[in-house]
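Please look over the following model before reading on. The report then walks through its layout, one helix pair and a handful of single residues.

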Amino acid sequence: MLIIQLHRLIHGFKRFLVVKLSAYVDLFFAPILFSHSANAICDIVDRKISGIFHLSGKSDISYADFAKGLVNVANLNPNLVKKVSSKDVGVCLTYSHPITGIDMDLTTRILGLQPVPLNDIYNYLLQRIGLKK
């Protein structure tokens, strides 16, 4: 689901350079990229390791704060992001907790992977939309 959301975010962000984006203040995630999860899975398979491994972003962040941060690193007008709550738009969230990150102690100890820094996500997205080389 996160992959689909980031894909929509990239395409929405290209349009968003012209129009305002509404982003939830009460929906949270700890973003990672598909490549992070794919590389971790390949490593697990290659090393024939068994277990339950968690991969998470370093920061729990609302969609609104994520969008504001992305606008900031892209040096765009901060007024392009409109913060909304799910209640404002009539959406009933079944889960809305500000802590979404998963404990990565085992993953770090066995695979040597660290939680994904938020700046890695921002840099990737800026490259994808052509605002960074």
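The report below moves from the whole chain to local detail.

## Overall layout

This is a predicted model. The protein chain holds 5 helices and 4 strands. Along the sequence, their order is α-β-β-α-β-α-β-α-α. The protein chain has 133 residues, and 33% of them count as buried. Contacts in the protein chain reach far along the sequence. Take those between residues at least 6 apart in sequence: 87% of them join residues at least 24 apart.

## Helix 3 against helix 5

Two packed helices are described by the angle between their axes and the distance between the axes. Helix 3 covers residues 63-73, and helix 5 covers residues 118-128. Their axes come within 10 Å and cross at roughly 60°. Angles of 65 to 115 degrees would count as roughly perpendicular, and those under 35 degrees as roughly parallel. Helix 3 and helix 5 are therefore oblique to each other. The crossing of helix 3 past helix 5 is right-handed.

Which residues make the contact? Helix 3 supplies Asp65, Phe66, Gly69, Leu70 and Val73. Helix 5 supplies Leu118, Ile121, Tyr122, Leu125 and Leu126. By class, the residues of this contact are 8 nonpolar, 1 polar and 1 charged.

Burial in helix 3 can be set beside that list. The buried residues of helix 3 are Tyr63, Ala64, Phe66, Ala67, Gly69, Leu70 and Val71. Among them, Phe66, Gly69 and Leu70 are also part of the contact with helix 5.

Leu118 deserves a closer look. This residue lies in helix 5. Is Leu118 buried or exposed? Its relative accessibility is 16%, so Leu118 counts as buried, the cut-off being under 20%. Setting aside neighbours within four places in sequence, Leu118 is in contact with Pro31, Ser59, Ile61 and Phe66. One of these, Phe66, belongs to the helix 3 side of the contact with helix 5. Leu118 also pairs with a residue distant in sequence. Its C-alpha atom is 6.6 Å from that of Lys58, and the two residues are 60 apart along the chain.

## Helix 2 and two positive phi values

Helix 2 runs over residues 34-46. Does its end-to-end distance agree or disagree with its residue count? At 1.5 Å a residue, its 13 residues should span 18 Å. The end C-alpha atoms are 18 Å apart, which agrees.

Just after helix 2 comes Lys48, with a positive phi of about 50°. Lys48 is a residue other than glycine. It sits in the loop between helix 2 and strand 3, residues 61-62. Lys48 is exposed, at a relative accessible area of 75%.

Helix 3 is followed by a similar entry. Just after helix 3, Asn75 takes a positive phi of about 55°. Asn75 is not a glycine either. Its place is the loop between helix 3 and strand 4. With a relative accessibility of 69%, Asn75 counts as exposed, since the cut-off is over 50%.

## Strand 2 and the loop before helix 4

The loop between strand 4 (81-84) and helix 4 (105-111) holds Ser85. His97 is found in that loop too, between strand 4 and helix 4. Ser85 counts as buried, at 15% relative accessibility. His97 counts as partly exposed, at 37%.

What does Ser85 contact, leaving aside its neighbours within four places in sequence? The partners are Tyr24, Val25 and Asp26. Asp26 appears again with His97: their C-alpha atoms are separated by 7.7 Å, and the residues are 71 apart along the chain.

Phe29 is in strand 2, residues 28-29. Phe29 is buried, with a relative accessible area of 7%. Its C-alpha atom is 5.6 Å from that of Thr100, and the two residues are 71 apart in sequence.

The table gathers the C-alpha pairs described above.

| Pair | Separation along the chain | C-alpha distance |
|---|---|---|
| Leu118 and Lys58 | 60 residues | 6.6 Å |
| His97 and Asp26 | 71 residues | 7.7 Å |
| Phe29 and Thr100 | 71 residues | 5.6 Å |

Terms used. Residues are numbered from 1 along each chain as its sequence is written. This is a predicted model: local features need pLDDT of at least 70, side-chain atom pairs count only at pLDDT 80 or more; totals for chains, interfaces and linings use all residues. Side-chain values use heavy atoms; hydrogens and water are left out. Axes are lines fitted to C-alpha atoms, for helices over the stretch in contact, and angles run from 0 to 180 degrees between N-to-C directions. Helices (H or I, at least four residues) and strands (E, at least two) are DSSP runs, numbered from the N terminus. Angles under 35 degrees count as roughly parallel, over 145 as roughly antiparallel, 65 to 115 as roughly perpendicular and the rest as oblique. A crossing is left-handed if the near helix is turned anticlockwise from the far one by less than a right angle, and right-handed if clockwise. Contact means heavy atoms within 4.5 Å. Ala, Val, Leu, Ile, Met, Phe, Trp, Tyr, Cys and Pro count as nonpolar, Asp, Glu, Lys and Arg as charged, and the others, Gly among them, as polar. The expected span of a helix is 1.5 Å times one less than its number of residues. Buried means under 20% relative accessible area, exposed over 50%, partly exposed in between (1.4 Å probe, protein chains only).
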